[in-house]
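Got your viewer open? Here's a walk through the model, one selection at a time.

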Amino acid sequence: MFNLVQLLIKLSGFFLFLVLEAICFSLVVRYNSNQEKVYTNTVNQFTGWLQKKSTSTSQYFQLYDENRRLAKENARLLDRLANAGINLQNPLDTMWADTLNPKYTFLEAQIIQNSINKNHNYITLNKGSDDGVTPHSGLVSDDGVVGIVRKVSKHYAVAMSILHRQAVVNARVRHKYYFGPLNWKSNDIHIFNLENIPKDALVTKGDTIETSGYSTMFPPGIPLGVVDKMWMEPGSNFFTIEVRSFAKLSNLQHAYIVRNIFKEEQEQLEEAVINEDE
Amino acid sequence: MNNVIVVNVLRFLGLLLLQGLVFKNIGVGWENFPYLHIIVFPLSIILLPLRTPRLLVIFLGFVIGLSVDFFYDTLGVHASAAVFTAFARSLILKMMEPRGAYNMSYSPTIARMGLGWFVQYASILMFAHIFFYYSVEAFTFVYIVDILIKTFVSFLASMVFIMIFQLLLNPLD
């Protein structure tokens, strides 16, 4: 203790020197314009450097999220490749006619009107018949199915959102292929109902629900959501399944309009068979 | 004792007026040659009696420098150099202590310590003071060559004046 006090006394001159110099420098910077310029410049340079470092560091920490986002994007694109093209194992002689054309094409569209708070929600898009949009085309976003185009004008198209009481999407359970219609019955914009899944189906909570491709509107394999809850109503032969959807309709900026090149052909053929039976 | 204080106060006031009213104008009026700047006021720090307490020396350095700053309108620039000089003074004195220690009733003047000792002692402190002064004036070491040239030229000019004063008046205290 005594030594410490002695040391402090010995250094007191130095401390006083430091204190007085600090006062002097603050006076210099405050009352001399040249020195003030040099000082603020240096401080700015230093803070700029610090900010750059911190930004690059935080960017480094965001790499994980960024990677996941890119991986998801990649997976989605791969899905699209596998599903959007027509089956390659056609007979050789039709190969030129059909296989080199994709079956589905995707048209990017901006969303210019949207709502999520009604029973019948609609989405307006900035692409119309001039761009080749036809009614009953599917509408998908990066996250999954968003809606179905209902009416088309020259430059605009109105789609009913999947948050529409009458919107039905043909869905299936990924890798298990049980299929049924998915529609919106709840009051929660994230919860949808999947119906017609028989009670012997091996569906469990957490299974992914995707488009079945049985309608002409969506290619197969577009993600819809995951099974959130499932139970059996007494006396029913079907599961009641609640699906938590992937679609982020509340901040949707743009979406892709799906065009099926063979849509008319397929619909005509199916109609012809139905008509024949009747 | 009182005599010593009076001498030092008078010296401080005389150097302050000389610096602020005469040498300041020489520096400013010489516009073709801005490198020269005659600085004599640190003499009032250099010549403080040897027995002055270290802390008091540093504090007096601050006061002296600040009063010069009021003449120059450069608040803090001369003061920081003067504080540095005052702080360095005790270190230099320790380094230059003659055999058999100082006579603590003396002041570090030519009459007491001899011409050679005084020239060495005053040169070191004046050089330190002027170098520090120009560093603070530029406030960056980017212009270190400029700072060094200014320091050398001003140091030589200032030392000439300081030696003239000392040899003419040759004070005991």
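A quick bit of vocabulary before the hairpins turn up: two strands pair if DSSP finds at least two bridges between them. Also keep in mind that what you're looking at is a predicted model.

**Stop 1: a hairpin in chain A**

Select residues 168-173 of chain A, which is strand β6, and then residues 179-183, which is strand β7. These two run antiparallel and are joined by five bridges. For one spot to zoom in on, take Arg172(A), which sits across from Phe179(A) in β7(A). Now look at the turn: β6(A) and β7(A) make a hairpin with five residues between them. Which residue in the turn has a positive phi? Click on His175(A), whose phi is about 70°.

Carry on from β7(A) to strand β8 of chain A, residues 191-198. Here the pairing is antiparallel again, over two bridges. Leu182(A) has Leu194(A) in β8(A) as its bridge partner.

**Stop 2: the barrel**

Staying in chain A, colour strands β1, β2, β5, β4, β3 and β12. In that order, the six strands close into a barrel, with antiparallel pairing. Neighbouring strands of this sheet are turned against each other by 45° on average, direction ignored.

Let's go part of the way round. Start with β1 (residues 104-113) and β2 (residues 120-125) of chain A, an antiparallel pair joined by two bridges. To see the register, show Ile111(A) and its bridge partner in β2(A), Leu125(A).

Next door, β2(A) pairs with β5(A), antiparallel, over five bridges. Show Ile123(A) here, and you'll find its bridge partner in β5(A) is Ala159(A).

Pause on β5(A) itself, residues 157-164. How many of its eight residues are buried? Six are, so this strand is largely enclosed by the rest of the structure.

On to β4 of chain A, residues 145-152, which runs antiparallel to β5(A) and is joined to it by five bridges. Val152(A) stands opposite Ala157(A) in β5(A). The link between β4(A) and β5(A) is a hairpin, made through four residues.

**Stop 3: over to chain B**

Hide chain A for a moment. Chain B is a change of scene, with seven helices and zero strands. Trace chain B from the N terminus and you simply read α-α-α-α-α-α-α. Of the 173 residues in chain B, 36% are buried. If you take the contacts in chain B with a separation of 6 or more, 71% of them come from residues 24 or more positions apart.

Now select Phe132(B), in helix α6 of chain B. Is Phe132(B) buried or exposed? Count the C-beta neighbours inside 10 Å and you get 22, so Phe132(B) counts as buried; the cut-off for that is 20 or more. Leaving out residues up to four places away in sequence, Phe132(B) touches Ala81(B) and Phe84(B). Draw a distance between the C-alpha atoms of Phe132(B) and Phe84(B): they're separated by 7.7 Å, though the two residues are 48 apart along the chain.

**Stop 4: where the chains meet**

Bring chain A back and pick out the contact, which takes 15 residues from chain A and 17 from chain B. On the chain A side, α1 (2-31) and α2 (33-84) each supply at least two residues. Which of them gives the most? That's α1(A), with 11 residues. By class, this side of chain A has 10 nonpolar, four polar and one charged residues.

**Stop 5: the cores**

Finish with the largest nonpolar core, which has 44 residues. The members that touch the most others are Ile58(B), Ala82(B), Val83(B) and Tyr133(B). Both chains take part: α1 of chain A supplies at least two residues, and so does each of α1, α2, α3, α4, α6 and α7 of chain B. The largest share comes from α6(B), with 10 residues.

Centre the view on Ile58(B). Not counting residues up to four places away in sequence, Ile58(B) touches Gly13(A), Leu16(A), Phe17(A) and Leu20(A) from chain A, along with Val83(B), Ala86(B) and Phe87(B). A second, separate core has 40 residues, including Ile123(A), Val140(A), Trp184(A) and Phe192(A). You've already met Ile123(A) in the barrel, across from Ala159(A).

How values were computed:
Residues are numbered from 1 along each chain as its sequence is written. Chains are lettered from A and ligands numbered from 1 in the order in which they are written. This is a predicted model: local features need pLDDT of at least 70, side-chain atom pairs count only at pLDDT 80 or more; totals for chains, interfaces and linings use all residues. Two residues are in contact if their C-beta atoms, placed from the backbone, lie within 7 Å. Ala, Val, Leu, Ile, Met, Phe, Trp, Tyr, Cys and Pro count as nonpolar, Asp, Glu, Lys and Arg as charged, and the others, Gly among them, as polar. Axes are lines fitted to C-alpha atoms, for helices over the stretch in contact, and angles run from 0 to 180 degrees between N-to-C directions. A residue is buried if 20 or more other C-beta atoms lie within 10 Å of its own, exposed if 12 or fewer, and partly exposed in between; C-beta atoms are placed from the backbone. A nonpolar core is a set of buried Ala, Val, Leu, Ile, Met, Phe, Trp, Tyr and Cys residues joined through C-beta atoms within 7 Å.
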